[in-house]
Amino acid sequence: STHRVEIKGSADAFDVADGQPILDAALRAGAWIPHSCTQGTCGTCKLKVLCGSVDHRESPEYTLTGAERADDLALACMATPQSDLVVEPTGAVDDGVPHHPLRDYLGEVVELSDVAANTRRLVVDLDEDMAFNAGQYCELIVPGHGVGRQYSMANPPGEQRRLEFHVKRTPGGLATDGWIFDSLAVGDRIDLRGPLGQFNLVHQQAEPAILIGGGTGLAPLKSIVRHALDRELVPEMYLYHGGRGRADLYDVEFFTDLAAQHEHFHYRPALSDESWDGATGLVTDVVVGDFRSCKGMSAYLCGPPAMIDAAVKSLKRRRMAPRLIFREEFTPAA
Ligand code: FES
């Protein structure tokens, strides 16, 4: 059986199957509900349920408190309807960004290579084009388990058939040690779904941008940089990539060449635990050392929570407007 869900204040209404999260059904129907992690940890997808009732399923208490549940709030990425619903997202539904429907895709692995310590580049040729925004991510479905793992596209959205992902190994991880760093091989068929997330750079912007990636947090930034350079979307871009040692860096030559070709693009890798002829220190400290003021600039941050927190603090101290700081946190794989 299905339930009908209406988004208040929009023309969007869609059917949700038994056990399907509201967000999944909305995005597949081409309706938009703000969201980021899609696994109950960020709270971006919080809805007010105006009519009807939901099953919160595994919604964590730290994202959705008892008081919020009593107040008819729900996490769209976790909750499933128990009746027809009228809901109202708590975030902005019309953010001026074009949204592409979520769909299931099939693809074939065409490249799988070690690019840095415990880091692989995975390139997949899809059977059909996928429209997405630079900065968004996909879920790769782990064979035999039916669970998804999230990886950002590193290719620009102009390349809709061949997707590039950067995968960091998690010791003992189901998707990495159990699959991508184990049995996965060129020629394998894989299932994925996407696009997801609202970390993106889509429109022309007046502000110069600082992009900071930690480890494989480089992936969505690579998509954004390539897209922004193709379309001349950003007047000046500064890309920082942080790692512990030289073995953690990758695509150094790619970005060095890109910087040589584009005078408005700057690339600065930084190592925290190894001295070399480049920038040394925590990547956020390197940024702070390079800019006395970040007033009138924007930032795109992707990496582990500690890096994001440090970067946001530093950029605000350097007078960057909070509304111009965009972030994508790695959510630890369960
Ligand atoms: Fe639902 Fe993050 S909690 S998208």
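**Exercise 1. Strand E1 and its partners**

Determine in which sense E1 and strand E7 pair, and over how many bridges.

*Solution.* In this predicted model, E1 and strand E7 (residues 85-89) pair in the parallel sense over three bridges. As a specific point of contact within E7, valine 87 is the bridge partner of isoleucine 7.

The next step concerns strand E2 (residues 13-17), with which E1 forms five bridges in the antiparallel sense. Here glutamate 6 stands opposite alanine 13 of E2. The hairpin of E1 and E2 has five residues between the strands, and glycine 9 in this hairpin takes a positive phi near 80 degrees.

The last step is to assign the faces of strand E1 (residues 2-7). His3, Val5 and Ile7 make up the covered face, whereas Thr2, Arg4 and Glu6 make up the uncovered one. Isoleucine 7, the residue bridged to valine 87 of E7, thus lies on the covered face, and glutamate 6, opposite alanine 13, lies on the uncovered face.

**Exercise 2. The six-stranded sheet**

State the strand order of the open sheet of six strands, and identify which strands are its edge strands.

*Solution.* The order is E11-E10-E13-E8-E9-E12, and the pairing is antiparallel. At the edges are strand E11 (148-152) and strand E12 (162-168), each of which pairs on one side only. On average, and with direction ignored, neighbouring strands of this sheet are turned by 40 degrees against each other.

One pair within the order may then be examined. Strand E10 (residues 137-141) and strand E13 (residues 189-196) run antiparallel and are joined by three bridges. Tyrosine 137 has leucine 196 in E13 as its bridge partner.

**Exercise 3. The packing of H6 and H7**

Classify the relative direction of helices H6 and H7, and list which residues make the contact.

*Solution.* Helix H6 (residues 283-290) and helix H7 (residues 305-317) pack at an angle of about 15 degrees, and their axes are 9 Å apart. Angles under 35 degrees count as roughly parallel. H6 and H7 are therefore roughly parallel to each other. The crossing in which H6 passes H7 is right-handed. On the H6 side, Thr284, Val287 and Val288 make the contact; on the H7 side, Met307, Ala310, Ala311 and Ser314 do so.

**Exercise 4. Domains**

Give the bounds of domain 1, domain 2 and domain 3, and state what distance separates the centres of domain 1 and domain 2.

*Solution.* According to the domain assignment of the protein, domain 1 covers 2-89, domain 2 covers 103-196 and domain 3 covers 209-329. Taken over C-alpha atoms, the centres of domain 1 and domain 2 are separated by 27 Å.

Note on methods. Residues numbered from 1 in each chain as written. Predicted model: local features only at pLDDT ≥ 70, side-chain atom pairs only at ≥ 80, totals over all residues. Domains from an automatic or database assignment. Pairing = 2+ DSSP bridges. Helix = DSSP H or I, 4+ residues; strand = E, 2+ residues; numbered from the N terminus. Axes fitted to C-alpha atoms, helices over the stretch in contact; angles between N-to-C directions. Buried ≥ 20, exposed ≤ 12 C-beta atoms within 10 Å, placed from the backbone. Parallel < 35°, antiparallel > 145°, perpendicular 65-115°, else oblique. Left-handed = near helix turned anticlockwise from the far one by under 90°. Contact = placed C-beta atoms within 7 Å.
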